[in-house]
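Here is a colleague's note for someone opening this structure for the first time. Please read it with the model on screen.

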Amino acid sequence: MGWLSDNFTHPERVELGSGHHLRPIRESDVAIDYPAVMGSRERLWAKYGEAWGWPPETMTYEGDKQDLRHHEVEIAAHETFNYAILDEPESELLGCIYIDPPDDRTPAGHDAVVSWWVVDKEVGSDLERALDELVPRWLRDTWQFENVHWFPA
């Protein structure tokens, strides 16, 4: 694809010090993704609404399932990545991390565009602090990104 090395293998699981982990999102996660997104929709809309038009107030379970299917296909093709933030038994989705290639909106010199969120109840939590510490290091050390554009901030 040009934005990742030819031999790059994306991580299938990343442990967080908080007892949570990351893994690529799947269509089958809709049962835990939909309540996470819609339960935090106002805050997510404030962050992503202008840039992505997401999550719409009228998003349905089936619409979310289609979005997750699309993400799963893009991950398999190494086009873009969406990592779910999960509890250990994977019974609760607590947020997502998006890793995308630069596009025409990205300032010059950036090698990835990244954003992440946690559900409302995790704002200011140990989980959010663990992500603040992990994500920049993970992107540098594992993904080999030198200059990440955080968008939307």
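The numbered points below go through a helix, the strands, the salt bridges and some backbone details.

1. **Status of the model.** This is a predicted model. Please keep that in mind at each point.

2. **Length of helix H4.** Start with H4, which covers residues 126-141. These 16 residues should span 22 Å at 1.5 Å a residue. The C-alpha atoms at the two ends are 22 Å apart, so expectation and model agree.

3. **The kink in H4.** Where does H4 have its kink? Look at Leu134, where the kink is about 30°. The proline Pro136 follows shortly after Leu134.

4. **The start of H4.** Ser125 deserves a look here. One of its side-chain oxygens comes to within 3.2 Å of the backbone nitrogen of Leu127. Next, find Asp126 and Arg129, whose side chains form a salt bridge with an N to O distance of 2.6 Å. The two residues are 3 apart in helix H4, so about one helical turn separates them. An α-helix has 3.6 residues a turn, so residues three or four places apart point the same way. Asp126 counts as exposed, because its relative accessibility is 56% and the cut-off is over 50%. Arg129 is partly exposed, with a relative accessible area of 47%.

5. **The buried side of the account.** Which residues of H4 are buried? They are Leu127, Glu128, Ala130, Leu131, Leu134, Val135, Trp138 and Leu139. Leu134 is thus both the site of the kink and a buried residue. The cover over the buried residues of H4 includes six strands, among them S1 (14-15), S2 (21-24) and S3 (81-86). Strands S4 (93-100), S5 (112-118) and S6 (148-150) also take part in that cover.

6. **Strand S4 and its neighbours.** S4 is mostly covered, with 7 of its 8 residues buried. S4 pairs with S3 in the antiparallel sense, over 6 bridges. One bridge to check is that of Leu86, whose partner in S4 is Leu93. S4 also runs antiparallel to S5, and 6 bridges join the two. Here Tyr98 has Ser115 in S5 as its bridge partner.

7. **The hairpin of S3 and S4.** This hairpin has 6 residues between its strands. Glu90 takes a positive phi there, near 60°.

8. **Salt bridges elsewhere.** How many salt bridges does a search of the whole structure find? The search finds 11. One of them joins Asp29 to Arg23, with the closest N and O atoms 2.7 Å apart. Both Asp29 and Arg23 are buried. Another joins Glu92 to Lys121, with the closest N and O atoms 2.8 Å apart. This pair links distant parts of the chain, since Glu92 sits in the loop between S3 and S4 and Lys121 in the loop between S5 and H4, 29 residues apart. Glu92 is partly exposed, at a relative accessible area of 29%. Lys121 counts as exposed, at 56% relative accessibility.

9. **Cis peptide bonds.** Please inspect two bonds before prolines. The bond from Trp54 to Pro55 is cis, with omega near -10°. Pro55 lies in the loop between helix H2 (41-52) and helix H3 (61-76). The bond from Phe151 to Pro152 is also cis, with omega near -15°. Pro152 belongs to the segment after S6.

10. **Positive phi in loops.** Two loop residues other than glycine should be checked as well. His78 has a positive phi near 60°. His78 sits in the loop between H3 and S3. Is His78 buried or exposed? His78 is buried, because its relative accessible area is 17% and the cut-off is under 20%. Gln144 has a positive phi near 65°. Gln144 is placed in the loop between H4 and S6. Gln144 is exposed, with a relative accessible area of 54%.

Notes. Residues numbered from 1 in each chain as written. Predicted model: local features only at pLDDT ≥ 70, side-chain atom pairs only at ≥ 80, totals over all residues. Heavy atoms only, no water. Helix = DSSP H or I, 4+ residues; strand = E, 2+ residues; numbered from the N terminus. Expected span 1.5 Å × (residues − 1). Bend = angle between axes of the 7 residues up to and from the residue. Buried < 20%, exposed > 50% of the residue type's maximum accessible area, 1.4 Å probe, protein only. Contact = heavy atoms within 4.5 Å. Polar contact = N/O pair within 3.5 Å; in protein donor to acceptor, adjacent residues only side chain to side chain. Salt bridge = Lys/Arg side-chain N within 4 Å of Asp/Glu carboxyl O. Pairing = 2+ DSSP bridges.
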